[in-house]
Structures are given as structure tokens and as C-alpha cells.
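Biologist: Could we go through the open spaces and the aromatic contacts of this protein together?

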Amino acid sequence: MTQLSDRFRGVFTALVTPFRNGGIDHDAYAALVERQLAAGVTGLVPVGTTGEAATLSDAEAEDLIRRTVELARGRAFILAGAGANDTAKAVEKVRRAEAAGADGVLVVTPYYNKPEQAGLIAHYSAVAKATSLPVVLYSVPGRCGVEIAPETCAGLMDMHANIVAIKEAGGSPSRVTELRQACGSRLIIHSGDDGLTLPFLSLGACGVTSVVSNIAPREMVELVKAWEQGDTARALAVHELVAELAGSMFIESNPGPVKAALALANLAGPEMRLPMVPVSDRSRQTIAAVLSRFGSASGAFSGSTC
């Protein structure tokens, strides 16, 4: 029998939501999903931060989750974004995601409110009680202003059997050790930073929720597989290959750079919803140059027009 932890191993792609003339470009989205599946990603993450969930209507978000489930047809774990800074809304989003067929939910810490740890415990407890799905905590203090303390994570896991994992995006590999010391091996840990995938794996994480895999899914899959197979030299080589590309995905606020890269590769348009806008011409030129170098170095990147 497949263990739950095995279903989280590898690369989960934080999918962008392509737009065209203000609406969702479903054809481009379907093609992006298929490209990820063909590359062998383990999971797909619709309507997360990278998917511009904050500007999707409830109906759009639920429809995208349902479409992702249908497109993947059991070929990948569907981890639906379901976060909000209003607990009642987060509970509603989690229930909608479950109804749409998601395999699990990714729930970011409440942003703007900056709750204390007691508030985080109450928030995530309400979410966990509202669903039978596995719940993945998402700690990203750079965007939300609050971090999930290791002891908070441990307490939540003690209280709720369906809180099983964390996407850790605080930018510090030492957090993996702190979380493992507090929670033990029962906690499934994903890197939330592409550039830290390899150090996270070396410290006990089992995968990455990736932005750069929108562009380079095969390379990210190869990085994790190489590590799992004990080929540390290969893992390091792939890490170094994708390092500059991963860094370029955050020269402006996500998902502007990755959408620019997808547009340069003729995979999706750069359109975003306000208050997010496409990257500056200068950033676009930087991304184009990085893509060109990456394509030349990898020999695996195709479709780029830069």
C-alpha cells in the first residue's frame, strides 16, 4: 500500500493561471498541465499564490481545481490552494476544494492580520475539522508576515491527524532541522524555495513545491530523482543548472517573472490581474537572457523564442 508520504515525494508544480483578455485561458492551462505530467511531476498545485488565487473568484477557483483533477486523471496528486486571512473563508475554500475532487489542500498562514501562534492554532484547527483531506501548512513569512513555529506545527499534528505536511518557504534550510526536531519524521516537508531544494532534501525534506518547474519541469524532476537514487553528483549538477533560472523567477513579485518566462517560451501569455502587472522591460530582458543560457546549457529546454 502506498504511504501518504510517498505521494508527496518529488516535484509539485505551483501552477500559474494563464489569462487572456481578462478571462482564464483554459487551453493554455490544459497544455501547461499536460506538459507537467509528461515531465513526471508528482503533484499539481492549482489556485495557489503562483496561480493568483487572490484575484480569482470562488467559482473560477473551484472550476480550475475541478479541471485540474479531470486533466490529471489520477496521474498526479492535486494539492489545491485554499488559504485566506479570514478563517471562515478558508474553511469554505477547503470545502469547495474537497467537493471539486482535490487530493489535499495547501493552506497559507493568514496574511495581513499577522495572528499570534495561538491564532494560527485556532485557524488551522478550524480548517482541519472542516475536511477529511490531508492539510498542508504553508509558512511564507516574507509574504504573510508570520511564521509557523515548529512547536505550533507539532501541536497541530498532535491535535489533527489530517495535518500532515508543511510547505516551508522561509528561506532558511535550518528550518527543516527545527521542524524535524519538533515533529519527528511524521512531518512531510516540502521546500517552498526552488533554489533551496537540494539543501532541503539533504536535511530531510521529501520534495519541492516549485515555481520554476512551470518552465523546467524535467530538470526539477531530475534533480529530486537523482538525490533519491543517491546520485549526489548528478543532483548537484542539476541544482547548479537551474540555479540562475530559479533566482530569476523572483526578480519581481511572483508570478510576474514566471509568466514572462512562459510567454517568452510561447507556452502562455504574460497577462496578470491587477494589482499585479507584467514585469518591466528590463526584467523581461534579464529573464530572456537567463532562459537563453539555460536552454543552451540544458539541451532539454524547448519552445523558447528568446
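The questions below turn first to a pocket and then to paired rings.

Modeller: This is a predicted model, in which local features need pLDDT of at least 70, side-chain atom pairs count only at pLDDT 80 or more, and totals for chains, interfaces and linings use all residues. Residues are numbered from 1 along each chain as its sequence is written, and side-chain values use heavy atoms, with hydrogens and water left out.

Biologist: Which element supplies the largest share of the lining of the largest pocket?

Modeller: A pocket is an open set of points on a 1 Å grid over the protein atoms alone where a 1.4 Å probe fits, with protein on both sides within 12 Å along at least five of seven lines, and lining residues have an atom within 4 Å of a point. Helices H3 (58-72), H4 (87-99) and H6 (141-144) and strand E6 (104-108) each supply at least two residues of this lining, helices (H or I, at least four residues) and strands (E, at least two) being DSSP runs numbered from the N terminus. The largest share, five residues, comes from H4.

Biologist: Why is the pair of Phe8 and Phe77 classed as it is?

Modeller: Rings of Phe, Tyr and Trp (its six-membered ring) pair if their centres lie within 6.5 Å, and planes under 30 degrees apart count as stacked, over 60 as edge-to-face and the rest as tilted. The rings of Phe8 and Phe77 have centres 4.9 Å apart and planes at 45°, so the pair is tilted.

Biologist: Which residues form one aromatic cluster?

Modeller: The rings of Phe8 and Phe12 have their centres 5.6 Å apart and their planes at 5°, so that pair is stacked. The one cluster is formed by Phe8, Phe12 and Phe77.
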